[in-house]
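The following paragraphs guide the reader through one protein model, from a single residue to the chain as a whole. Please keep the sequence and the structure in view while reading.

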Amino acid sequence: MISADVPGSPQWAQVLISALGLFGGASGLGVIATITVQRRKLKADTAGALTDAALTLVQPLRNRVTELEAEALAVREQLTVSRRELHELRATVWDLTRTLDRWREAIMAPGATIGRVRTLVADDVHRPPTRRPIQRHHDEDRPDR
């Protein structure tokens, strides 16, 4: 209670103001306690909302990364197949080049006859192709002449 008498104010008003101050002080503490508890809850709710939003944004990225990894694996497999096919094609070209070189030598030989050329061609047709080792450089794909 206010101990000093204020002139011109009725006694009942001073009591009312003092009572409101006491109740207001208690409710003020209640408000502070409520705000503190609600603030913690608000922080937890905010963290939960941020986590949900982050997961919502991250999930499509995870899905895309999974798709890209699958595509990369498929491309690697196709690259392996392509390299094998390229090796086979190089070996075939090498075999055909060697065959043509032999035929040209037989045709251009000073003692060449139609019979010898036919025999050489028949032997080459029935001969299994020779496989050359894998060459790493493009310049090595052509036989020396």
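**From one residue to the whole chain**

Val125 is exposed, with a relative accessible area of 58%. The structure discussed here is a predicted model, and Val125 has its place in helix H2 of that model. A useful distance can be read from this position: the C-alpha atom of Val125 lies 9.5 Å from that of Thr99, although the two residues are 26 apart along the chain.

The neighbour of Val125 in sequence offers a contrast in exposure. Asp124 has a relative accessible area of 10% and counts as buried, because the cut-off for that class is under 20%. What partner does Asp124 have in a salt bridge? The partner is Arg102, and the closest N and O atoms of the two side chains are 3.3 Å apart. This pair connects distant parts of the chain, since Asp124 belongs to helix H2 (residues 114-126) and Arg102 to helix H1, with their positions 22 residues apart in the numbering. Arg102 itself is partly exposed, at 24% relative accessibility. In general, side chains of opposite charge can pair when their charged atoms come close.

Other salt bridges are found within helix H1. Arg64 and Glu67 form one of them, with a distance of 3.2 Å from N to O. Both residues lie in helix H1 (residues 11-108), and their separation of 3 residues corresponds to about one turn of the helix. Arg64 also pairs with Glu71, where the closest N and O atoms are 3.9 Å apart. Through these salt bridges, Arg64, Glu67 and Glu71 are linked in a network.

How exposed are the members of this network? Arg64 is partly exposed, with a relative accessible area of 40%. Glu67 falls in the partly exposed class at 42%, and Glu71 does so at 44%. For the model as a whole, the count comes to 4 salt bridges, including those described above.

The wider view gives these details their setting. The protein chain contains 2 helices and 0 strands. Of its 145 residues, 10% are buried, and Asp124 is one of the buried residues. The accessible surface of the chain comes to about 12400 Å², with 65% of that area belonging to carbon and sulfur atoms. Among contacts between residues at least 6 apart in sequence, 55% join residues at least 24 apart.

Confidence should be considered last. The mean pLDDT of the protein chain is 78, and 66% of its residues reach 70 or more. Over residues 137-145, pLDDT stays under 50, and the model has 13 contacts beyond four places in sequence for this segment. Where pLDDT is low, the predicted coordinates should not be read in detail.

How values were computed
Residues numbered from 1 in each chain as written. Predicted model: local features only at pLDDT ≥ 70, side-chain atom pairs only at ≥ 80, totals over all residues. Heavy atoms only, no water. Helix = DSSP H or I, 4+ residues; strand = E, 2+ residues; numbered from the N terminus. Buried < 20%, exposed > 50% of the residue type's maximum accessible area, 1.4 Å probe, protein only. Contact = heavy atoms within 4.5 Å. Areas by Shrake-Rupley, 256 points an atom, 1.4 Å probe, with all protein chains shown as cover. pLDDT = per-residue confidence, 0-100.
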